[in-house]
Structure formats: structure tokens, C-alpha cells
Amino acid sequence: MSSLSKGLRKVQVTLKWDPSPIGAASHDLDIVAATYTADAPHGAPAYLVHFDSRSPDGTITLDRDSRTGQGFGADEVMTLELERLASAYARVVVGVVIQQPSAEKTFSDIPNTGTRILDGPVELASDDLSGMPDASAATIAEFTRDESGAWRLRPVLRGFTASPAEFAELMGAAPA
């Protein structure tokens, strides 16, 4: 991006996966976004956005939620209106977590996973999560606000073996 760039304004994060075989428990994956303030960019998140929720100001919304992976195209879609986020927020981390009501699953157990980050029709990043076969959760992107106030994307692929609640606490920590 050139110095004249206004940065990212509105992006979509998509997630897809294949459904479980007939008779098997459903695979349920979720997109999760955590926002962090400039004062605590790696501390506890100011708030989380996931299934059945949205940001308090409506700038981050889960537009599509699937519990089975059935359908064509993206099974889950999250929109981040970064340009509308209050100036107090300096970082947004986006991840994927497997809901595990009955048995522990990892990304290697779920066929054809895929994530994409889009700025309009332009694909900014994508991954199939195969690099983290033993993980049950993963961060996929970090959006940060630079000195000029413009938002930038940094793909951050980091796997975790954690429940959804544990992942929410760990996903924004600074890498060790």
C-alpha cells in the first residue's frame, strides 16, 4: 500500500468446512473476533463477537452462522467495519474455534476447512488450516491501527488446543 492509502475500511472474513458424514455428530466451527484497546493491545479483550452476538456499536457482525457446514460457499461470514471502530480500539484479532459438545476434535478431523479475508471482491488472505492439524482453535488475522489511524491486516496463523472459553482468553496474547 502506498502512503496515500486510507487502509482497510470494511472487510469480510469467511469460513467454510464440509459437513460430518451422515449419522456422525455435526462439525460446528465458529468465527470469533476480539477487540483490544490501545492501552491494552495484548491484555483481556474489550469485547468479543461470536455466534449470537455483535459488537456494542454494530461495527463487527456475524452475518452467517452454521452449525453443520452444510450449504455452498461460505458457512460463516463476519463483517468488520474497521473505519467505524472508535479510536480507543487499536487491534482486532480474528480466529476460528471448534465447538466440541461431545468429543474433542481438531482441524485434521474436519475436511475442507478454509478461511478467506476479503476487501470487497479482493482476497487479502486465505488459509485451509492444514498447518495446524492438532489445534482445536486458531487465530487467522490481526488488524491493527497505525499512527495515521489507517487499519492494516497481518495474517497471523497460530494454533491452540483450547476450549472456546479458553481460546477467547488466549487469542490476543502476544506470541511467546
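**Thr59**

I looked up Thr59 first and found it in the loop between β3 (47-49) and β4 (60-64). Helices here are DSSP runs of H or I with at least four residues, strands are runs of E with at least two, and both are numbered from the N terminus. The model is predicted, so local features need pLDDT of at least 70 and side-chain atom pairs count only at pLDDT 80 or more, while totals for chains, interfaces and linings use all residues. Residues are numbered from 1 along each chain as its sequence is written, and side-chain values use heavy atoms, with hydrogens and water left out.

Is Thr59 buried or exposed? I read a relative accessible area of 1%, so Thr59 is buried. (Buried means under 20% relative accessible area, exposed over 50%, partly exposed in between, with a 1.4 Å probe and protein chains only.) I then listed its contacts, leaving aside neighbours within four places in sequence: Tyr47, Thr79, Leu80, Glu81, Arg84 and Leu85. Contact means heavy atoms within 4.5 Å.

**Whole chain**

I noted 1 helix and 10 strands in the protein. From the N terminus on, I read the elements as β-β-β-β-β-β-β-β-β-β-α. Of the 176 residues, 45% count as buried. I also checked contacts between residues at least 6 apart in sequence: 65% of them join residues at least 24 apart. The accessible surface comes to about 8800 Å², and carbon and sulfur atoms hold 51% of that. These areas come from the Shrake-Rupley method with a 1.4 Å probe; for residues, only the protein chains shown count as cover.

**The open sheet**

I traced an open sheet of 5 strands in the order β3-β2-β6-β9-β10, with antiparallel pairing. Two strands pair if DSSP finds at least two bridges between them. Why do β3 and β10 (151-160) each have one side without a neighbour in the sheet? They stand at the edges with a single partner strand each, so one side of each is left free of a neighbour in the sheet. The twist averages 20° from one strand to the next. Axes are lines fitted to C-alpha atoms, for helices over the stretch in contact, and angles run from 0 to 180 degrees between N-to-C directions.

I looked at one pairing in detail. Strand β2 (residues 28-37) runs antiparallel to strand β6 (residues 89-99) over 10 bridges. Asp30 stands opposite Val97 in β6.

**Salt bridges**

Side chains of opposite charge can pair when their charged atoms come close. I counted a salt bridge when a side-chain nitrogen of Lys or Arg lies within 4 Å of a carboxyl oxygen of Asp or Glu. By this rule I get 6 salt bridges.

- Arg9 and Glu83 meet at 2.9 Å, N to O. The pair links distant parts of the chain, 74 residues apart: Arg9 is in the segment before β1 (11-16), and Glu83 is in the loop between β5 (76-80) and β6. Arg9 is partly exposed at 41% relative accessibility, and Glu83 is partly exposed at 43%.
- Glu81 and Arg84 meet at 3.2 Å, N to O. Arg84 is partly exposed, with a relative accessible area of 42%. I had already met both Glu81 and Arg84 among the contacts of Thr59.
- Glu123 and Arg116 have their closest N and O atoms 2.7 Å apart. Glu123 is partly exposed at 40%, and Arg116 is partly exposed at 37%.
- Arg91, Glu142 and Arg154 are linked in a network of salt bridges.
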